[in-house]
Amino acid sequence: MPGGVPGGVPGGAPGGVRAAARINLAAIERNSARLARASPLLCAVVKANAYGHGAVECSRAALAGGASWLAVAAAAEAQELRDAGVAARILLMGALTRAELELALAADADVVAWSDEFLDWLDGLGGGRVHVKLDSGMGRLGTRDVALADALAARIAATEALELVGAMTHLATAEEPDRSFMEAQIERFASWVGPLRDRHPGLIAHAENSAALLGAGQARFDMARCGGAVYGLDPYGGDPGDWGLEPALELRSWVAALKHCEVGDSAGYGRRFVAAEPTELAVVPIGYGDGLRRLLSNNAEVLIGGRRRALVGTVSMDNVTVDLGLGSGVTVGEPVILLGVDGRERIGAEEIAARQGTINYEITCAVSPRVPRDYHRDGAHP
Ligand SMILES: *Cc1c(COP(=O)(O)O)cnc(C)c1O
């Protein structure tokens, strides 16, 4: 423990640790249920350790809420879920090396194809279940060539060891106010997949992500692949509550020390905070080593005792300092909420993202492995 306090300080970070992420699995379940009502099939995207929330626990919560598929980006992520006993269908969306493809097949994952060479590998490794990907405008993975996409689907269907399961695309601008490019992508995908589905009945078409599904209200294809919304992150960067979503991650630490400052006293590297008047600082043992970006130096607020307080000075690897002013009544051991709710105040990942010029997804993904994840279930299931 910091300060050598055995077992932590009452009211401090849970489990007596310096910093912890508390994840509300009931919120993930409810968010999944809300999304599952909008789509015939819901595929919960749990890549990157479930956007930092913990892949195994969040997969179980999403499945309990109504997701029937999971998606990851890397073969090792599929393997992690299988090792934990997760039995649901897993779509492995990422580009794979041949070695990773072997691992993917060992994990019984569905894989995504956009080239004949990949199908050669797959065939050579004994086959598997495949989704063909059209690049309808993202300009990343997938083939832009509709004729090739058709030929790949036909080859898969005609090959004993291969099973044609799905046809997919990914949208580049679903979270932007101008819908025109997204609609053009959907149109392009729909005109490919419509006839394809006629030729291959039972084929699962999927294109929508969180923003596209929330924005349209109802899925236009067979399955939606949602990540951010499952965790209560608003893909539009606004208030997740406006979409009926609940943020699932709380990031907290504790007041490890209090420090009185006279005029001219400074705190932290580079003396980027110098007291202009007498004040008191709280030293909070969380920093960029935990995923709290250094960009937040002199540029964030935290919650202590239900009140917003300014983070001052430089965010260092292990600590930050918070200006309390004089006579705050804050004591050593009080919890500090970096991300989450305290009384009537809430700091969302959207708020922190705006301060850093990035998106909320990057905020939760950044919570580092040094921060233990602590799971709980708050609020009744509907
Ligand atoms: C990450 C990802 C998604 C999920 O996007 P969200 O905005 O988090 O819902 C869907 N499809 C693909 C291909 C992805 O890479």
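How much space lies in the largest pocket? About 650 Å³. Before going further, some ground rules. This is a predicted model, with local features needing pLDDT of at least 70 and side-chain atom pairs counting only at pLDDT 80 or more, while totals for chains, interfaces and linings use all residues. Residues are numbered from 1 along each chain as its sequence is written, and side-chain values use heavy atoms, with hydrogens and water left out.

A word on terms. On a 1 Å grid over the protein atoms alone, a cavity is a set of points where a 1.4 Å probe fits but cannot get out; a pocket is an open set with protein on both sides within 12 Å along at least five of seven lines; and lining residues have an atom within 4 Å of a point. Grid points are joined across faces, edges and corners, and the volume is the space filled by probe spheres set on them.

**The largest pocket**

Its lining takes in 33 residues, and Lys47, Tyr51, His170, Asn209 and Tyr361 are the ones nearest the centre. Helix H2 (47-51), strand E9 (223-226), helix H10 (349-356) and helix H11 (360-365) each give two or more residues to that lining. Helices here are DSSP runs of H or I with at least four residues, strands are runs of E with at least two, and numbering starts at the N terminus. Domain 1 (40-207) and domain 2 (249-376) each contribute at least three residues to the lining of the largest pocket; the domain bounds come from an automatic or database assignment.

**The ligand**

Around the ligand sit Val45, Lys47, Tyr51, Met93, His170, Asn209, Ser210, Arg225, Cys226, Gly227, Gly228 and Tyr361, taking a residue as near if one of its heavy atoms lies within 4 Å. For polar contacts (pairs of N or O atoms within 3.5 Å), Tyr51 places a side-chain N or O atom 2.5 Å from a ligand oxygen. Ser210 has a polar side-chain atom 2.5 Å from an oxygen of the ligand, and for His170 the distance from a side-chain N or O atom to a ligand nitrogen is 3.4 Å. On its own the ligand exposes 390 Å², of which the protein buries 91% (Shrake-Rupley areas, 1.4 Å probe).

**The second largest pocket**

This one has a volume of about 310 Å³. Of its 23 lining residues, Pro247, Ala248, Leu249, Gly340 and Val341 lie nearest the centre. Strand E18 (335-342) is among the elements giving two or more residues, as are strand E1 (20-24) and strand E10 (249-254). E18 gives the most, with three residues.

**The closed spaces**

Two cavities reach 30 Å³ or more. The largest is lined by Leu251, Gly291, Leu292, Leu338, Leu339, Ile352, Gln356, Ile363 and Val367, with E18 and H10 each supplying at least two of the lining residues. Its volume is about 70 Å³. The second largest cavity, at about 60 Å³, has a lining that includes Leu292, Leu338, Glu351, Ile352 and Arg355. Strand E15 (300-304) and H10 each give two or more residues to it.

**Linings by class**

Ala, Val, Leu, Ile, Met, Phe, Trp, Tyr, Cys and Pro count as nonpolar, Asp, Glu, Lys and Arg as charged, and the others, Gly among them, as polar.

| Space | Nonpolar | Polar | Charged |
|---|---|---|---|
| Largest pocket | 17 residues | nine residues | seven residues |
| Second largest pocket | 10 residues | seven residues | six residues |
| Largest cavity | seven residues | two residues | no residues |
| Second largest cavity | eight residues | no residues | three residues |

Definitions and conventions
A polar contact is a pair of N or O atoms within 3.5 Å; within protein, one must be able to donate a hydrogen and the other to accept it, and residues adjacent in sequence count only if both atoms are side-chain atoms.
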